[in-house]
Amino acid sequence: MTTPLRQIVSLLRKKGLSQIFERIALEHASLHMKGLTAEAFGPERTVKIEGRWVTNFGSDSFLGLDQDPRLWSALKRGLEEWGTHNGTSRAFVSAQPNFTAEEKLASWLGTEAAVIYPSVTLANHGAIPALVGRSDVIVTDRFAHNSIFEGVKLASARGARTATFAHNDPDDLARVLTEMEPYRHALIAVDGVYSMSGQLPPLRAFQDIALARRGFLYVDDAHATGVLGSQGRGTVRDALGGYENTVVVGSLSKALSCLGGFVAGDGETMWMLSIHSNVLIFGGPIPPPYLEAICAAVDILDSEEYQSIRSRLDANVQAVLAGVRPLGFVVQGGVTPIISLLIGDETDTLWSGRFLFEQGYYVQSVIFPAVPHHEGVLRIQINANHRPESIAGLLDALRGLRQALSSVRTSIPA
Ligand SMILES: Cc1ncc(COP(=O)(O)O)c(C=O)c1O
């Protein structure tokens, strides 16, 4: 039966991004390699996909903590003590591990307090609208993460005025703020590190402008959490010396290998979020077993052992960088453990991802709309637990890819 629901879905499929996704998936069925199923995870960062074991260079668990027995036993202990679920929104009751994990996060970061959200996406959707009112404005770096822009849309629907400024450009930030006057306060939203390019924002210059223009900084440091800064605290403390006039957001799902996101800063701001952020009031929290695992992960980050894990990760990143540079690729990133190789054409990029997979390495092939048109990249995600042999093997495969790419147009199956 043709129902209004079926009609609208079939109309939506023919429009915009849905149409692009479907067309690419159909035209390049054998190369596409998206929406894959991991059939099993093996030792030494191997993953079974399409019945084949390959080394995984596509994981965000940069420190390898996803395989750490201390996180596994914390999860099991949490399950035995608390069961699977908090049982209610935190507006009513929070299981104790919620508070323990937030205190540990704040103590590790050096902030007065922290609040945990179910994901960074939800942190941005929940915190941004809660931090501004109708007479305030939000100015966002043009290249900020999609979830910031979605949070900004929610704030805009509630009456805040919004604008963007040129990427990493303090002069343009100042110009936009001048144009937006009169306003009460300004939330200035940026990423702490842009994972594709590896660029860091000029936080000091942004903070000077913020202080002079009744603004404050909102920094989504998801890609820096655990992998940049001393003890993996991210970019903010190193750049600004502390968290004054700044709200910092971090990830618990990437380097920490658990689940969720956090917002951290001064105690009054965090308390205000806990009573004013709809995601926290009307949504449920992270289950207690994962909160126990977050505590175990933060203990590792805050310990002397962290430096040795980080040294292994940094050495692996340097080994990949040193190996790919002479191959003639345009190399982006490497500040975080993500190194992107510019391939360009969409089909060539997908073909390259498949080529590496056939050689035994899973690397994400990223094309429009995740990156601009004809700027497709291979995104190599490096791990502290990658073995030197795996890195050497990947570099050999990339050398083969480089040669093959010159004839790629004739070798792509019709
Ligand atoms: C800067 C930034 N913010 C937010 C997110 C989304 O994080 P989550 O998966 O926890 O929603 C990401 C994920 O890649 C990110 O890079």
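**Figure 1. A370 is a partly exposed loop residue in this predicted model.** A370 has 13 other C-beta atoms within 10 Å. A residue counts as buried at 20 or more such atoms and as exposed at 12 or fewer, so A370 falls in between. The loop that holds A370 runs between β14 (364–366) and β15 (376–381). N146 is 224 residues away from A370 along the chain. In space, the C-alpha atoms of A370 and N146 are separated by 10.0 Å.

**Figure 2. I300 lies in helix α12.** This helix covers residues 288–301. I300 is partly exposed, with 18 other C-beta atoms within 10 Å. That count is under the 20 needed for a buried residue and over the 12 that would make I300 exposed, so I300 too is classed in between. Leaving aside residues up to four places away in sequence, I300 touches L65, R70, E305 and Y306. P118 is 182 residues from I300 along the chain. The C-alpha atoms of I300 and P118 are separated by 21 Å.

**Figure 3. Thirteen residues surround the ligand.** The closest are S119, V120, T121, H145 and A222. Sorted by class, the shell around the ligand holds 9 polar residues. The shell also has 2 nonpolar and 2 charged residues.

**Figure 4. Strand β9 is buried along its length.** β9 spans residues 246–251. Of its 6 residues, 6 are buried, so the strand is largely enclosed by the rest of the structure. T246, V248 and G250 point one way from β9. V247, V249 and S251 point the other way. Both sets are buried.

**Figure 5. β9 pairs with β8 and with β10.** Strand β8 covers residues 215–220 and runs parallel to β9. The two are joined by 4 bridges. Y218 of β8 stands opposite V247 in β9. Strand β10, residues 261–265, runs antiparallel to β9. Here too, 4 bridges make the connection. S251 of β9 stands opposite G261 in β10. Strands of a sheet pair through backbone hydrogen bonds, and both directions of pairing, parallel and antiparallel, occur.

**Figure 6. Both faces of strand β5 are covered.** β5 takes in residues 137–141. 5 of its 5 residues are buried, so β5 is largely enclosed by the rest of the structure. V137, V139 and D141 lie on one side. I138 and T140 lie on the other. Strand β6, residues 161–165, runs parallel to β5 and is joined to it by 5 bridges. The bridge partner of T140 in β6 is T164.

**Figure 7. Four strands form an open sheet with mixed pairing.** The order is β1-β2-β3-β13. β1 (38–42) and β13 (361–362) stand at the edges. Each edge strand has a single partner, so one side of each is left without a neighbour in the sheet. Inside the order, β2 (residues 46–49) and β3 (residues 52–56) run antiparallel. They are joined by 4 bridges. V47 has V54 of β3 as its bridge partner.

**Figure 8. Domain 1 and domain 2 meet at a shared boundary.** The domain assignment gives domain 1 as 23–56 + 305–411 and domain 2 as 67–301. The C-alpha centres of the two domains lie 29 Å apart. 14 residues of domain 1 are in contact with 15 residues of domain 2. On the domain 1 side, α13 (305–324), β11 (330–333) and β12 (338–344) each supply at least two residues. α13 gives the most, with 4 residues. By class, this side of domain 1 divides into 6 nonpolar, 6 polar and 2 charged residues.

**Figure 9. The protein chain holds 16 helices and 15 strands.** The chain has 414 residues, and 45% of them count as buried. Its C-alpha atoms fill a box of roughly 60 × 55 × 50 Å, taken along the principal axes. A compact globule with 414 residues would have a radius of gyration near 22 Å. The protein chain has 22 Å, which agrees. Among contacts with a separation of 6 or more, 72% join residues 24 or more positions apart.

Conventions: Residues numbered from 1 in each chain as written. Predicted model: local features only at pLDDT ≥ 70, side-chain atom pairs only at ≥ 80, totals over all residues. Pairing = 2+ DSSP bridges. Near = placed C-beta within 6 Å. Nonpolar A, V, L, I, M, F, W, Y, C, P; charged D, E, K, R; others polar. Rg over C-alpha atoms; globule rule 2.2 N^0.38 Å. Contact = placed C-beta atoms within 7 Å. Domains from an automatic or database assignment.
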